[in-house]
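Here are a few exercises to work through with the model open in your viewer. Try each task yourself before reading the solution.

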Amino acid sequence: MAIVLEQLISETAKACGVTVEQILSSDRSGRVKSARQLAMFVAHKNFTFCLPEIAAAFGKTHATVIQAVRIVGRRLKIDKCLRDQHKHLQEVLVSVMTSGPSERILELAHFHGDGGPLNVRILGNPNEINLTMRSRGGVMNIAVTANKGGGK
C-alpha cells in the first residue's frame, strides 16, 4: 500500500501532539504551524508528492508549501528536537507503508541526498525486505531481514 497524504497528515498530527483538524486549519500558533510545515516537508522531500497535490490536501497555495519546505529545511539543520520529530515520523510512515501486502512493489520514499535523488523500493516477503536504491552515482542493493514474529 502506498502512503497517502491523509495518512501522512494523521501520523504527523499524532507525532506532533496536534489534531488533523488543527493541521488542516488556518491556525498559526507555533505548534500547529510547525506540525503543518513538517507534514508538507515530509510529503514533498521524503515522498513523491508534487507541490499542487500537497497544496490541495492542506487547502493552501503551492507558494505556502514552498515556504514550508524551505523553513523546515533550514530548521532541520539547527533544531535537534525537529530532527528527532522528523526521524520518528519517517520511521512511523515507513512502518505504515510496509504493513500491507508485500508481494507488491511499494514506492517507499523519494529522498534527496548529496548525490541527487535516491529512489527506494521495497521488494520481497514479510520476513525479508530487499531495498533497491538508485542514485546518480550508481546502484546499491541492500538485503534486510526483518523478524515480524514478535522478537523470536
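**Exercise 1. Sort the lining of the largest pocket by residue class.**

Solution. Keep in mind that this is a predicted model.
- Step 1: list the lining, which consists of S26, D27, R28, K33, R36, Q37, M40, K60, T64, Q67, A68 and I71.
- Step 2: sort by class, and you get five charged, four polar and three nonpolar residues.
- Step 3: check which helices take part. Helices α3 and α5 (62–78) each give at least two residues to the lining.
- Step 4: put a volume on it, and the largest pocket comes out at about 280 Å³.

**Exercise 2. Find out whether N46 is buried or exposed, and what its side chain contacts.**

Solution.
- Step 1: place the residue. N46 belongs to helix α3, which runs over residues 30–46.
- Step 2: look at accessibility. N46 has a relative accessible area of 6%, so it counts as buried, the cut-off being under 20%.
- Step 3: look for a partner. The N46 side chain has a polar contact with the side chain of H86, at 2.9 Å.

**Exercise 3. Compare the span of helix α1 with the expected one, then say which of its residues are buried.**

Solution.
- Step 1: α1 covers residues 5–16, twelve residues in total.
- Step 2: from first C-alpha to last, α1 reaches 16 Å, close to the 16 Å expected at 1.5 Å a residue.
- Step 3: the buried set in α1 is L5, L8, I9, E11, T12, A13 and C16.
- Step 4: peek past the end, where G17, just after α1, has a positive phi of about 75 degrees.

**Exercise 4. Track down the salt bridges and check how accessible the partners are.**

Solution.
- Step 1: the count is three salt bridges, with a 4 Å cut-off from nitrogen to oxygen.
- Step 2: start in α1, where K14 and E11 pair up at 3.4 Å, N to O. They sit three residues apart, about one turn of the helix. Residues three or four places apart point the same way because an α-helix has 3.6 residues a turn. K14 is exposed at 58%, while E11 is buried at 16%.
- Step 3: go on to D79 and R75, whose closest N and O atoms are 3.1 Å apart. D79 is partly exposed at 23%, and R75 is partly exposed at 26%.
- Step 4: finish with D84 and K80, with closest N and O atoms 3.1 Å apart. Both lie in helix α6 (residues 80–97), four residues apart. D84 is partly exposed at 40%, whereas K80 is exposed at 51%.

Terms used: Residues numbered from 1 in each chain as written. Predicted model: local features only at pLDDT ≥ 70, side-chain atom pairs only at ≥ 80, totals over all residues. Heavy atoms only, no water. Buried < 20%, exposed > 50% of the residue type's maximum accessible area, 1.4 Å probe, protein only. Polar contact = N/O pair within 3.5 Å; in protein donor to acceptor, adjacent residues only side chain to side chain. 1 Å grid on protein atoms, 1.4 Å probe; cavity = no way out; pocket = protein on both sides within 12 Å on 5 of 7 lines; lining within 4 Å. Points joined across faces, edges and corners; volume = space filled by probe spheres on them. Nonpolar A, V, L, I, M, F, W, Y, C, P; charged D, E, K, R; others polar. Expected span 1.5 Å × (residues − 1). Salt bridge = Lys/Arg side-chain N within 4 Å of Asp/Glu carboxyl O.
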